[in-house]
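Take a look at the protein below before reading on. The briefing then walks through its parts by topic.

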Amino acid sequence: MKYPIINFSLALIIALSVTACKPRAIVPHVQPTLTPAAPTLTAPPSATLAPSLTPTFTPIPSATIALPTATITISHLLTPATDVKMGDLVHDATSVDTAGEKRAPYGDSYQINLFERPFLQDMSYVADLDIASYNLGKDEKFYYVSIELVGTNPNNSLGINYAVELDTDADGFGDLVVAAHPPYSADWTATNVQVAQDINHDTGGLSGERSDAPLPGDGYETLLFDGGIGLGDDPDLAWVRISAGNKATVQFAFKRALAEDRFMLGVLADAGPKSIADLDYADRFTEEEAGSPEAGEDFYPLKLLFAVDNVCRQAYGFEGTGEEPQRCPPS
Ligand SMILES: [Ca+2]
Ligand SMILES: [Ca+2]
Ligand SMILES: [Ca+2]
Ligand SMILES: [Ca+2]
């Protein structure tokens, strides 16, 4: 007579245990899969630009770093080469020699969207933001773009984004951007790379040559690729790695089909606005609002636009006139 009671109690305990365990086992695996990535994927709409431009140094959103990588498996067919022959260096001004004086020596021409401001707002220098040179290489499948920085740590705790801009018709309006965010690794990765396009032709504001600030715009508004979530037709479209050589502190690779054979090329280091939807930054802020890194200038020191370095653009695959907007002067 006792057995049925014992059995019933046991059954009840087992049933309760199983019921109690189930939700704990399932819920955490379902919930985090893709949702945390959403805020970092889309270029911010222009309505929210103003807050993103305020000079704060919020570290890279934790959602980006905390994203459980195990939940997304992306298969790659083709990885870029580890050893690539690179072309001629294009040099950028550096501020390392005048950093102690809290100023850039030269190389910042705000009106033509050329920045040399690897400084925080208090004019303290950040070598990992300071571009010294860049160059282009290619193999059968990929273009490679190396960025040489004065510093050696692209994983600087400020959270520095690096990018390559391509102006495919040389009108001064960037058409494509390949943008990467930390954390970076010495091995090629696509998970921290996005490719976006400017379809409505406003990266140069009204003019590809001059600052048109203050002017709203949505920059590179159309996301074509996000290696973190497998967005895009080609999972191997764009990659980044670091410490690839003393002239390649950061190196990008992207499929040649993205840019075809003719383009103007520039690079960017950005721990300031970090918003591809706000490029060109010279069209967002007036020069007075942005401030200047050059001590002799009226608007010195830096104000709203700081912690940004970029370069003059170089032409690849065509001669051009030499007068293309944002192009480097002939050397
Ligand atoms: Ca520069
Ligand atoms: Ca520089
Ligand atoms: Ca263009
Ligand atoms: Ca646009």
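The points below cover the overall make-up, one sheet, the core and one loop residue.

This is a predicted model. The protein has six helices and 13 strands. Of its 331 residues, 43% are buried.

**Overall make-up**
- Many contacts span long stretches of sequence: among contacts between residues at least 6 apart in sequence, 69% join residues at least 24 apart.

**An open sheet**
- Five strands make up an open sheet. Their order is β1-β3-β4-β10-β9.
- The pairing in this sheet is antiparallel.
- Which strands stand at the edges? They are β1, residues 90–91, and β9, residues 238–242.
- Each of these two has a single partner strand, so one side of each is left without a neighbour in the sheet.
- In general, strands of a sheet pair through backbone hydrogen bonds, either parallel or antiparallel.

**From β1 to β3**
- Strand β3 covers residues 131–138 and runs antiparallel to β1.
- Two bridges join β1 and β3.
- H91 stands opposite S133 in β3.
- V90 has Y134 in β3 as its bridge partner.

**From β3 to β4**
- Strand β4 covers residues 142–149. Seven bridges link β4 to β3, again in the antiparallel sense.
- I131 has L149 in β4 as its bridge partner.
- How many residues lie between β3 and β4 in their hairpin? There are three.

**The nonpolar core**
- The largest nonpolar core has 73 residues.
- Which residues have the most contacts inside this core? They are V145, V178, A238 and F252.
- V145 falls within β4, which spans residues 142–149, and A238 falls within β9, which spans 238–242.
- A238 is in contact with V178 and F252, leaving aside its neighbours within four places in sequence.
- On the same terms, the contacts of A238 also include A190, V193, V195, F225, G227 and F254.
- In soluble globular proteins, nonpolar side chains tend to be buried together.

**A loop residue**
- G296 lies in the loop between α6, residues 287–290, and β12, residues 308–310.
- Is G296 buried or exposed? G296 is exposed, because it has 8 other C-beta atoms within 10 Å, and a residue counts as exposed at 12 or fewer.
- G296 and P105 are 191 residues apart in sequence. In space, they are 9.6 Å apart, C-alpha to C-alpha.

Definitions and conventions: Residues numbered from 1 in each chain as written. Chains lettered and ligands numbered in written order. Predicted model: local features only at pLDDT ≥ 70, side-chain atom pairs only at ≥ 80, totals over all residues. Pairing = 2+ DSSP bridges. Helix = DSSP H or I, 4+ residues; strand = E, 2+ residues; numbered from the N terminus. Buried ≥ 20, exposed ≤ 12 C-beta atoms within 10 Å, placed from the backbone. Contact = placed C-beta atoms within 7 Å. Core = buried A, V, L, I, M, F, W, Y, C linked by C-beta atoms within 7 Å.
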